[in-house]
Amino acid sequence: MEKGLSQAVCVTGAGGYLASWLVKLLLSRSYTVHATVRNPGDAKYDHLKKLENASKSLKLFKADLLDYDSISASIKGCVGVFHVASPVPSGSVPNPEVQIMEPAVKGTLNVLKACSESKVKRTVYVSSIAAIAMNPSWPARQVMDEKCWSDKEYCIRTNNWYCASKTEAEFEAFEYAKRSGLDVVSVCPTLILGPMMHSNVNSSSLVLIKLLKEGYESIENKMRMIVDVRDVAAALLLAYEKPEAEGRYICTAHHVRVRELVDKLKQLYPSYNYPKSITEVEDEMNISSDKLQKLGWSYKPLEETLTDAVESYKKLGLVD
């Protein structure tokens, strides 16, 4: 892929947590960005308009994933597309087939069809570890890599609709690529943490915010696979710009248990309302991002991610 040079790329769901950092990175690299949002006039997108180079290189488009014409208009004239938008429920929803599965799967196919129509050179699809890790038949001690797919039926049976939606959407994206010849690459991040640009709290940042302020009586010592939001944005750009990039890429950096995470946070910020006790649980999972690192990806130290995250929460008034 040619880099920057004022070429136009589209970012779907551009007002979201990860997408905002991706837009910032693209603008800093001289890309023109077509950013899809629900309502361009809404104040919650003001942070995008304040980014460096935004006044000349950022165009906001009103779009809905289930409205093909609006998606097609956003992608027209772009040489690359980053499909980031996806419904992430904060809790259970009454109709998951309609509220989660349809926008994820049909929305992705709408984006890919528009990419074909506009002769886009490469589409980078943001998947999730949710499309990899929910597989009870994967051998227990075998490292999970890009060959592992979550079992969609198992996800639905266990009421993990988000996992089901990401699994089916990513699978359908590659099936579409086979049929159409469209160049599709996917990136599958684990738990994304790091600084926030706006006060609309996303589900992954909420994990850290709750650790700081909820004062849980007890919490399980689960494994947390953490990656910095800025490093994920860099991985997406790498997957777009590197001609040799192909297939899926797991994007993960630090594997830490909750106890270790709380201890690190206490060293950095001793006065927050941390869990009172931590109970041991069996929770073994080994996931590798070797393939992405071989492409040239690297990541920030965990302390930097945590510090920058907490400082942004304080600035936004999300923690005292």
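Which residue in S5 does Gly80 stand opposite? In this predicted model, Gly80 stands opposite Arg122 in S5. The pair belongs to the contact between S4 and S5, which run in the parallel sense and are joined over four bridges. The sheet that holds these strands is described next, followed by the helices on it, the nonpolar cores, the cysteines and several single residues.

The sheet is open and has seven strands, with parallel pairing and the order S3-S2-S1-S4-S5-S6-S10. Its edge strands are S3 (58-62) and S10 (247-251), each of which pairs on one side only. From one strand to the next, the twist averages 20°. On the other side of S4 from S5 in this order stands S1. Strand S1 (residues 8-11) pairs with strand S4 (residues 80-83) over three bridges, again in the parallel sense. Within this pairing, Val9 stands opposite Gly80, and Cys10 stands opposite Val81. Gly80 thus has Val9 as its opposite residue in one direction and Arg122 of S5 in the other.

In a regular strand the side chains alternate between the two faces of the sheet. Strand S4 is covered on both faces. Gly80 and Phe82 are buried on one side, and Val81 and His83 are buried on the other.

Two helices may be described in relation to these strands. Helix H1 (residues 17-28) has twelve residues and reaches 17 Å from its first C-alpha to its last, close to the 16 Å expected at 1.5 Å a residue. H1 packs on the sheet, where it touches S1, S2 (32-37), S3, S4 and S5 (122-126). The direction of H1 makes about 170° with that of S1. H1 is mostly covered, with ten of its twelve residues buried. Among the buried residues of H1 are Tyr17, Trp21, Leu22, Val23 and Leu26. Just after H1, Ser30 takes a positive phi of about 70°. Helix H4 (residues 68-75) lies across S1, S2, S3 and S4, and runs at about 170° to S3.

The largest nonpolar core has 70 residues, of which Val11, Val33 and Phe82 touch the most other members. Leaving aside residues up to four places away in sequence, Phe82 touches Val9, Cys10, Val11, Thr12, Leu22, Leu26, Val124, Leu236, Leu237 and Tyr240. Two of these contacts, Leu22 and Leu26, are buried residues of H1. Another core, of 21 residues, lies apart from the largest one and includes Leu65, Ile71, Ala85 and Cys115.

A disulfide is a covalent bond between the sulfur atoms of two cysteines. With a cut-off of 2.5 Å between sulfur atoms, the count of disulfides comes to zero. Cys155 is in no disulfide, and the nearest cysteine sulfur, that of Cys163, is 4.9 Å away. Cys155 counts as buried, at 0% relative accessibility. For Cys251, the closest cysteine sulfur is in Cys188, at 9.2 Å, and this distance is too far for a bond. Cys251 is likewise buried, with a relative accessible area of 0%.

Positive phi values also occur in two asparagines that lie in loops. Asn53 has a phi near 70°, a positive value in a residue other than glycine. Asn53 is in the loop between helix H2 (46-49) and helix H3 (54-57), and is partly exposed, with a relative accessible area of 24%. Asn159 has a positive phi near 65° and is likewise a residue other than glycine. The loop that holds Asn159 runs between helix H6 (152-157) and helix H7 (161-180). At 53% relative accessibility, Asn159 counts as exposed.

Val207 is found in helix H8 (residues 203-213). With 25% relative accessibility, Val207 counts as partly exposed. Residues up to four places away in sequence aside, Val207 touches Leu191 and Arg224. The C-alpha atoms of Val207 and Ile192 are separated by 9.8 Å, and the two residues are 15 residues apart along the chain.

Notes: Residues are numbered from 1 along each chain as its sequence is written. This is a predicted model: local features need pLDDT of at least 70, side-chain atom pairs count only at pLDDT 80 or more; totals for chains, interfaces and linings use all residues. Side-chain values use heavy atoms; hydrogens and water are left out. Buried means under 20% relative accessible area, exposed over 50%, partly exposed in between (1.4 Å probe, protein chains only). The expected span of a helix is 1.5 Å times one less than its number of residues. Two strands pair if DSSP finds at least two bridges between them. Axes are lines fitted to C-alpha atoms, for helices over the stretch in contact, and angles run from 0 to 180 degrees between N-to-C directions. Contact means heavy atoms within 4.5 Å. A nonpolar core is a set of buried Ala, Val, Leu, Ile, Met, Phe, Trp, Tyr and Cys residues joined through side-chain atoms within 4.5 Å.
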